Amino acid sequence: MRIAEKIARRAKDNWNEPGVTIAFLGDSVTQGCFGSTLTGDHSPFFDKDHAYHADLAHLFAVLYPGVPVNIINAGVSGGNAQHGLERLERDVLSHNPDLTVVCFGLNDSGGGEEKLPVYLDALEGIFTKLKAADCEIIFMTPNMMCTDVSPLLLDEHLKKVAEGCAKRELDGGMALYLDAAKDLCAKHGVTVCDCYARWRRLYETGANITELLSNKINHPTREMNWLFAISLAETMLGM
């Protein structure tokens, strides 16, 4: 990817070469939200220092200490691809990023098969506008959602949300959206960082996915955000 070439040039020539700017366009996971409390306080809590883009910045600081990596956090809690398209100019393009990581699907997939075209149209609009601005793109698939209702969830509303998310995971509703998104990426030549496939592999090998989610529903723990960061670094560097 061009982003790797830009990092390499700056690492070799600290005086003359510019740093890099990476934007992250997504939902609450991108923003750094770790969900709400398990007991019924629905107010979200945020910890942007442990979001995956912060982990990626820390990783690059270790690997390339002389390369400034400027992070644009354009995640919005509750957002979806359509909302991302609507605010793309304001939140991303205005910063002239070298690369934009796009991650939508968690909220979008709640619309079911009927809303799949809306999701794909919005993603296509995002890809088209980023390409027109000569910005590199990575589409990163999100984490899995819960596969059961955790006994730690005490609030009835949260239990119902967990039931819906688990059903969407187990009946293939989530995979339907992400498979269609990957097909769209192939059509437009967009690089894919398939983190969802890694989560699925963990599930297949016996990992308790629900316990890897901070709110036991759909937000990964701080530790699991490192999976995104490492996967993105591998994708950017062609590893």
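Which backbone oxygen lies 2.8 Å from a polar atom of the side chain of Thr 128? Good morning, colleagues; I shall begin with that question. The oxygen belongs to the backbone of Glu 124. Thr 128 itself is a residue of helix 6, and with a relative accessible area of 43% it is partly exposed. Before going further, I should state that what you see is a predicted model.

One distance helps to place Thr 128 within the structure. Its C-alpha atom is separated by 33 Å from that of Ala 166, a residue 38 positions away along the chain.

Let me remain with helix 6 and turn to the aromatic residues. Five aromatic pairs emerge from a search of the whole structure. One of them joins Phe 24 and Tyr 52 in an edge-to-face arrangement, with 5.8 Å between the ring centres and 75° between the planes. This pair links distant parts of the chain, since Phe 24 belongs to strand 1 (residues 20-26) and Tyr 52 to helix 3 (residues 52-63), 28 residues apart. Both of these residues are buried.

A further edge-to-face pair is formed by Phe 127 and Phe 139, with a centre-to-centre distance of 6.4 Å and an angle of 80° between the planes. Phe 127 is in helix 6 (residues 116-132) and Phe 139 in strand 4 (residues 136-140), so this pair ties together parts that lie 12 residues apart in sequence. Phe 127 and Phe 139 are also buried.

Between helix 6 and strand 4 there is a loop, and Asp 134 is found in it. Asp 134 has a positive phi, near 60°, although it is not a glycine. Is Asp 134 buried or exposed? Its relative accessibility is 53%, and it therefore counts as exposed.

To return to the rings: Phe 24 and Tyr 52 are joined by Phe 228 in a cluster linked by ring pairs. Phe 228 brings us to helix 10, where it is one of the buried residues. The others listed there are Asn 225, Leu 227, Ala 229, Ser 231, Leu 232, Ala 233, Thr 235 and Met 236.

The length of helix 10 can be checked directly. It comprises 13 residues (225-237), and at 1.5 Å a residue the expected span is 18 Å. The C-alpha atoms at its ends are 19 Å apart, which agrees with that expectation. Just after helix 10 comes Gly 238, with a positive phi of about 70°.

Two residues of this helix also figure in the nonpolar core. The largest such core has 67 residues, and those touching the most other members are Tyr 119, Leu 123, Leu 232 and Met 236. What does Leu 232 touch, beyond residues up to four places away in sequence? Its partners are Phe 24, Tyr 52, Leu 56, Val 101, Ile 138, Met 140 and Cys 193. Phe 24 and Tyr 52, already mentioned as an edge-to-face pair, are thus named among the contacts of Leu 232.

Next, the loop that precedes helix 10. Lys 216 lies in the loop between helix 9 (195-204) and helix 10. Its phi is positive, near 65°, again in a residue other than glycine. With a relative accessibility of 9%, Lys 216 counts as buried. I also draw your attention to Arg 222, whose charged end sits over the ring of Phe 34 at 4.5 Å from the ring centre.

Finally, I come to helix 7, with two residues to describe. Ala 162 is a residue of this helix, which covers residues 156-170. Its relative accessibility is 0%, so it counts as buried. Apart from neighbours within four places in sequence, Ala 162 is in contact with Cys 146, Val 149, Leu 153 and Ile 217. The C-alpha atoms of Ala 162 and Cys 146 are separated by 6.8 Å, and the two residues are 16 apart along the chain.

Glu 169 is also placed in helix 7. How does this acidic side chain fare: is Glu 169 buried or exposed? It is buried, with a relative accessible area of 3%. Its side chain makes a polar contact of 2.8 Å with the side chain of Tyr 196. Leaving out residues up to four places away in sequence, Glu 169 touches Met 144, Met 145, Cys 146, Met 174, Tyr 196 and Arg 200. Cys 146 is therefore a contact of Glu 169 as well as of Ala 162.

Thank you; I welcome your questions.

Key:
Residues numbered from 1 in each chain as written. Heavy atoms only, no water. Helix = DSSP H or I, 4+ residues; strand = E, 2+ residues; numbered from the N terminus. Buried < 20%, exposed > 50% of the residue type's maximum accessible area, 1.4 Å probe, protein only. Contact = heavy atoms within 4.5 Å. Phe/Tyr/Trp six-rings, centres within 6.5 Å; stacked < 30°, edge-to-face > 60°. Lys NZ or Arg CZ within 6 Å of the ring centre and 35° of its normal. Expected span 1.5 Å × (residues − 1). Polar contact = N/O pair within 3.5 Å; in protein donor to acceptor, adjacent residues only side chain to side chain. Core = buried A, V, L, I, M, F, W, Y, C linked by side-chain atoms within 4.5 Å.
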